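Dear colleague,

I am passing on the structure we spoke about, and my notes on it follow below. Please read them with the structure open beside you.

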Protein chains: 2
Amino acid sequence: MTNPVSPSHGKLRPLGLSEVTLKPGFWQRRQDVNSSATLSHIEYWLEEAGWLPNFDGAVRNGREFADSEIYKFLEAMAWQLGNGPDPELEERFQKIVARVASAQEPDGYLNTNFGRPGQQPRYSDLEWGHELYCYGHLIQAAVARARTAGHDQLVDVAIRAADHVCDVFGPDGRTAVCGHAEIEPALVELYRVTGNRRYLDQAKLFVDRRGHQVLQDIEFGRAYFQDDVPIREAQVLRGHAVRAAYLAAGAVDVAVETGDTALLDAVARQWRNTVARRTYLTGGFGSRHQDEAFGDDFVLPPDRAYSETCAGIGSVMLAWRLLLAQGDPAYADLIERTLFNVIATSPSDDGTRFFYTNTLHQRVLGTEPPADQVVPRAASTLRAPWFSVSCCPTNLARTFAALSAYIATVSDEGLQIHQYAAASVRTGGIALEIDTDYPSDGRVTIRITDSPADPWTLTLRIPHWATEATLDGEPVRPGLAHLHRRFTPGDTVTLDLAVRPRLTAPDARIDAVRGCVAVERGPVVFCLESVDLPSGLGPDTLRLDAEAALTDRDGGVGITCRVVGEEDTAWPYSPGPAARPAGDPIAVTLRPYHNWASRGPSTMRVWLPLAG
Amino acid sequence: MTNPVSPSHGKLRPLGLSEVTLKPGFWQRRQDVNSSATLSHIEYWLEEAGWLPNFDGAVRNGREFADSEIYKFLEAMAWQLGNGPDPELEERFQKIVARVASAQEPDGYLNTNFGRPGQQPRYSDLEWGHELYCYGHLIQAAVARARTAGHDQLVDVAIRAADHVCDVFGPDGRTAVCGHAEIEPALVELYRVTGNRRYLDQAKLFVDRRGHQVLQDIEFGRAYFQDDVPIREAQVLRGHAVRAAYLAAGAVDVAVETGDTALLDAVARQWRNTVARRTYLTGGFGSRHQDEAFGDDFVLPPDRAYSETCAGIGSVMLAWRLLLAQGDPAYADLIERTLFNVIATSPSDDGTRFFYTNTLHQRVLGTEPPADQVVPRAASTLRAPWFSVSCCPTNLARTFAALSAYIATVSDEGLQIHQYAAASVRTGGIALEIDTDYPSDGRVTIRITDSPADPWTLTLRIPHWATEATLDGEPVRPGLAHLHRRFTPGDTVTLDLAVRPRLTAPDARIDAVRGCVAVERGPVVFCLESVDLPSGLGPDTLRLDAEAALTDRDGGVGITCRVVGEEDTAWPYSPGPAARPAGDPIAVTLRPYHNWASRGPSTMRVWLPLAG
């Protein structure tokens, strides 16, 4: 299958990139920018920062995990080449693969940061060294290549590295895991590609070892790398959000391939608890800057939210695997939310700048870093061209290149549509055209262009927020809508998800946004930006009038606010509680959060305090 | 003068430790625990952790700044010896001084972490190396010694180190500063002790150099060590809170000794803005864990508040200097608030465990670390015996030992009382007894036991919250109350500060506590702890009924709350806003925040959401 994640079992089966083609619309625009601009931008920076030259034997540049960015870039190129031929890109791909291959040791070891003269010995710092993590991304790139182009030099390199890992860390080897999970899903995927059971066994070993304090303790505690509690016993995702999501994804892969229902249920339980208590309205994971980690339950501050772009990608990786395994539309609900509000938020329109973190409240006007400047990962208040830790651009690139894989699946019963985007789908005897302006508009038209003669079921996800949706004019409820019938070419199904602006209130336990509401419209979270306000007013000086109607206005959402005065006081605490008089009403337009800071520096809020 | 901070100019003049003696009460109890338990506890750990043996030439243990803990311990012992003779303590003091002196190089250089075989060269890492910071604490210890015992070996060591610093970093030397301010106030104090102007000039040079990007940029940005903006231009304290406070304290010292009104005004302005926008209700400084730093204006989350104990101490150092220079009672107001709610909160009742950070909201039951365990600095949710970065215990020890210095001052007009504690004061021809159960009770009785024949002015600070205070039965307003008269021995003045529980509301710009109030009583912030609630209820499940009366109850404050149900949902955001029905009223007792977690693990809130 030409797609990421190909389980041998599960409720749903994924479709390959060759089976789903995006058509003009919200996501094709982003996929096009990715292939036409982001890939070149990344390649420029990988050379410029010296991370690619590391493979040529240059003096080592970058952080411990710099190798992984080259691998994620290779994976992105491999998926992109899977979307259609591109000889020039193919040539760039092969050149980089050759440089990578030249750095591999005879025994399969491959890392530019360890083991050479003047460097620390191999595997001498599993907590922070990221050697197995880097193999993970190498293997993922090779899997993408094998699925889209066949067995080539990159696949050879990855197999030699994987065999080396199994030799060193296998059942008779060193009882250890990597500080950053990633090799776990990669090894299962390599098993799926090669059929070599050794890789699956090794992945299972890594999943089962973690949580038993096999890593040294660190200042952030062992929860940081999920080595605090065995994954079968954990109740919720915790610690470093990207590590947590990658590990859980690998555990699902292991569970599915080994038929381990208990392990699958354990991860599903952790996912449910994480979504119920530790997830931002945007779908974002991670509320702490210090350790890029989940906070305690319901600690979801909007200002300095971390919500790392890569954690959003990890969340999609995890939810997609759970969806394939179990079919619950809640997984696709979170994927949709995360795609529209984390993954779409990170890149600039031109695909050459990125948010590393995705705050929900910007209080101070940021400054846009110059195009030639590398910034510390979370230090930029606006999108930046490159980071000293630059995991997010390459992670986005591989995600956008493979995006069509997340639209639909098949099963013995028929075909399921999970995400709404203009696309052509052709798989088995079924072909259909999906046309929509979603998420601007809630109408989705599905036209059957080819169908088997026998009846089959077309299943449509009705998003959890779509409480007024209709299917061919009949009301449908959130969840799954099934159309079981004999389809003939030319048949049309019309879904109307009734996309309208709405107010959303937080759970009372989320202290940080008490007394606030957010505005959503379909799957899109909206925000209030200073560039949309009259001079002298900022997002922090307004209170939303919840009695006034929400309207569609100028491509945004119109709301009514009251202006509150800001009185400077010597001490910001006073006898209370005191009622604050509401000011004059003003009309304000909110814009999609994923577009924020696209019009220059701006202050911004997602959560709006209520008037009165 | 036997006290910390002896400016040669200023509106008020400090009193020495020999002039003010604490009597039984809130602060004497803590000073006694400090001398009887904390000093020995610290000495044990300095040996156990290997930080003292570093001076004997042992393999280096601890972080870059470990030397400074020995110096702060010496300073604490020096002040304690200034409170009264203690031959056994004196002997321990001299033994440690001898070990420190033995590690000093012939040219005055003294640091156990740099310059020896196998170590990095001297001054090769000014951003993180803390060499000048360590000298700062060495000099402070020597100043304490010189003022309480005279010129001895420690003073010699410090002078040689200071001369070495002036040689290396003087006007013709290296144009650099230390990543952590501290040497600045220390050099001015050494000037005050020795009269050697060279130290003052060097301090001024350090203060003026900083802010001009003389340090390398770091991931946290140069604001971390206040090297972003010159101190004369800055508007507010920013970056690492301890560094910011120490630097500002040094700048006040330089300004006062050089008559630099512009510099003094600049620091006073930054202090006002910091208090108005970046200070917790407790007086705590610093809202970020990542870089132990101030956040943006009004970003004061109660959960994971950093409010480092040492930042509270830095705040007292700064406010005390500004008070002496300018006399504004607002400085003493913040000192009081910080003493009762940060500095009194950190140590356990027995003085052998400490909070490094002081959160205002504990959501999850913590675990008490074993007595023999070193914990990462901010990782402990309860008080811990020692930290891998253990700045707070030694900093507290030197503060408690010199605490009586902050009670009162004199001027040409008379005597001023800034903090209310049971104490005897004797200075010049004036002697008086202060008797009070403050802060439990608001009544303070001042009995004159000796007085010059001429009239003089007794000035009393009326705290900003004391809106119903009376002085000898007459109403007085917050600020300063002056009694100008001819006093005779036996005269008594009675101040009643009307300590009663009250509700306090936050500025509307502090998003993190919207819809909440806190309860204060006099200078003491109260909190709601799970150990005071019926089983099954936690602080997060209650809403304060603001209509119900607050009462004094069982040594705490009685309030009425409504219980709110917690409904588990799959997604913590729902159509809104929705009114939540108030549950049954229950009576709840709040306890002083500074005592929290004294009765075992507990969850806790300072800010209580309002019912309705």
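What distance separates the centres of domain 1 of chain A and domain 2 of chain A, taken over C-alpha atoms? The answer is 31 Å, and I should say at once that this, like everything below, comes from a predicted model. The domain assignment divides chain A into domain 1 (13–406), domain 2 (408–496) and domain 3 (501–609).

**Between domains 1 and 2 of chain A**

In chain A, 24 residues of domain 1 are in contact with 25 residues of domain 2, and the area buried between these two domains is about 2,000 Å², with carbon and sulfur atoms giving 53% of it. On the domain 1 side, A:Arg13, A:Lys23 and A:Glu336 together supply 30% of the area buried against domain 2, which is more than any other three residues. A:Arg13 also takes part in a salt bridge, its side chain meeting that of A:Asp412 at 3.1 Å, N to O, and five salt bridges are found across this domain interface, along with 14 residue pairs in polar contact. The elements of chain A that give two or more residues to the domain 1 side are strands E1 (13–14) and E2 (20–22) and helices H1 (26–48), H10 (309–326) and H11 (329–343), and of these H11(A) gives the most, with seven residues. Sorted by class, that side has 16 nonpolar, two polar and six charged residues.

**Between chains A and B**

Chain A superposes on chain B by a rotation of 180 degrees with 0.0 Å of shift along the axis, at an RMSD of 0.0 Å, and the two copies are thus related as by a two-fold rotation axis. Within chain A, the residue that comes closest to this axis is A:Gln290, whose C-alpha lies at 2.0 Å. Because 100% of the interface residues of chain A are also interface residues in chain B, the copies meet through the same surface.

At this interface, 59 residues of chain A are in contact with 59 residues of chain B, and the chains bury about 4,800 Å² between them, 52% of it on carbon and sulfur atoms. Six salt bridges are found across the interface of chain A and chain B, one of them between A:Asp568 and B:Arg509, with the closest N and O atoms 3.7 Å apart, and there are 16 residue pairs in polar contact. Among the elements of chain A that each supply at least two residues to this side are helix H9 (261–277), H11 and strand E16 (501–506), and E16(A) provides the largest share, four residues. By class, the side of chain A that touches chain B has 30 nonpolar, ten polar and 19 charged residues.

With best wishes

Terms used: Residues are numbered from 1 along each chain as its sequence is written. Chains are lettered from A and ligands numbered from 1 in the order in which they are written. This is a predicted model: local features need pLDDT of at least 70, side-chain atom pairs count only at pLDDT 80 or more; totals for chains, interfaces and linings use all residues. Side-chain values use heavy atoms; hydrogens and water are left out. Copies are superposed by least squares on the C-alpha atoms of residues with pLDDT of at least 70 in both. Contact means heavy atoms within 4.5 Å. Domain bounds come from an automatic or database domain assignment. Buried area is the accessible area (1.4 Å probe) that two parts lose on being put together, summed over both. A salt bridge is a side-chain nitrogen of Lys or Arg within 4 Å of a carboxyl oxygen of Asp or Glu. A polar contact is a pair of N or O atoms within 3.5 Å; within protein, one must be able to donate a hydrogen and the other to accept it, and residues adjacent in sequence count only if both atoms are side-chain atoms. Ala, Val, Leu, Ile, Met, Phe, Trp, Tyr, Cys and Pro count as nonpolar, Asp, Glu, Lys and Arg as charged, and the others, Gly among them, as polar.
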